[in-house]
Amino acid sequence: IALTVALGVLVYINFDLLVGRTNLPWDAADVFAPSFVLLSDFVHKGQLMLWNPWMDAGTPEWIEPQLGAFSPVMMGFGLLFGGEALAFRLYFLTIWWLSGLGVFLLGRRLRLPVYGAATLGFAWIFSGFSIGNAQHVSMIYSMAWLPFEILVLDQALERGSWRRFAALGALWGFSMLGGDP
């Protein structure tokens, strides 16, 4: 119920963004959204986005991790929803909500009551960092995985499990495929 309420609040607050009456500002609109559209076009053709011929007489997009050329999450959204502005906005809102979900699960792992963990999730989503860096979609993407990384690290330390440590490394690498390293 708490997660559904959090998602409802996030959608309510961002309703104008969701329906296209407003847009994410600055770098989100000028850098990340066009890159997402290009990635979607490549994915729909069954190709990886290695090169962008329309930028600076050609740029190697695969070398810039924050553009998400190899991000399974971005590629999935691009494949599922296409290279539309709505798809980019859904991608952004999903990773933003995902970060709150991670904090909620981490709070539950630390034995907080549901309302306490939900409050932390809300605080994380609506923190000054999250709202102040909304234009930097790659930072929001990396931040979304941080609570999950801490959760897996805690489990790995508790159990002394090398498999959990390997999963942590994989999750950390996954967080850098579309995020700000």
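How much space lies in the largest cavity? In this predicted model, the largest cavity holds about 80 Å³ of space. The structure contains two cavities of 30 Å³ or more, and the second largest of them encloses about 30 Å³.

The lining of the largest cavity is formed by Ala2, Leu3, Ala6, Trp97, Gly100, Leu101, Phe104, Ala118, Gly121, Phe122 and Ile125. Three elements each give two or more residues to this lining, namely H1, helix H5 (85-109) and H6. By class, the lining of the largest cavity comprises nine nonpolar and two polar residues, with no charged residue.

Two of the elements that line the largest cavity, H1 and H6, also pack against each other. Helix H1 spans residues 2-13 and helix H6 spans residues 114-125; their axes lie 10 Å apart and form an angle of about 25°. Angles under 35 degrees count as roughly parallel, and H1 and H6 are therefore roughly parallel to each other. The crossing of the two helices is right-handed. On the H1 side, the contact is made by Ala2, Val5, Ala6, Val9 and Leu10, which meet Val114, Ala118, Phe122 and Ile125 of H6. The residues of this contact are nine nonpolar, with no polar and no charged residue. Ala2 and Ala6 of H1, together with Ala118, Phe122 and Ile125 of H6, take part in the contact between the helices and are also among the residues that line the largest cavity.

The second largest cavity is bordered by Phe32, Gln66, Met74, Phe88, Tyr91, Val137, Ser138 and Gly178. Here the elements that give two or more residues to the lining are H5 and helix H8 (137-159). H5 thus appears in the lists for the largest cavity and for the second largest cavity. The lining of the second largest cavity divides into five nonpolar and three polar residues, and no charged residue is present.

Apart from the cavities, the largest pocket was examined. About 220 Å³ of space lies in this pocket. Its lining consists of Asp30, Val31, Pro34, Ser35, Leu38, Asn52, Trp54, Met55, Thr59, Glu61 and Leu67. These residues divide into six nonpolar, three polar and two charged. Charged residues are thus present in the lining of the largest pocket, whereas the lining of the largest cavity has none and that of the second largest cavity has none.

Notes:
Residues are numbered from 1 along each chain as its sequence is written. This is a predicted model: local features need pLDDT of at least 70, side-chain atom pairs count only at pLDDT 80 or more; totals for chains, interfaces and linings use all residues. Side-chain values use heavy atoms; hydrogens and water are left out. Axes are lines fitted to C-alpha atoms, for helices over the stretch in contact, and angles run from 0 to 180 degrees between N-to-C directions. Helices (H or I, at least four residues) and strands (E, at least two) are DSSP runs, numbered from the N terminus. Angles under 35 degrees count as roughly parallel, over 145 as roughly antiparallel, 65 to 115 as roughly perpendicular and the rest as oblique. A crossing is left-handed if the near helix is turned anticlockwise from the far one by less than a right angle, and right-handed if clockwise. Contact means heavy atoms within 4.5 Å. Ala, Val, Leu, Ile, Met, Phe, Trp, Tyr, Cys and Pro count as nonpolar, Asp, Glu, Lys and Arg as charged, and the others, Gly among them, as polar. On a 1 Å grid over the protein atoms alone, a cavity is a set of points where a 1.4 Å probe fits but cannot get out, and a pocket is an open set with protein on both sides within 12 Å along at least five of seven lines; lining residues have an atom within 4 Å of a point. Grid points are joined across faces, edges and corners, and a volume is the space filled by probe spheres set on the points.
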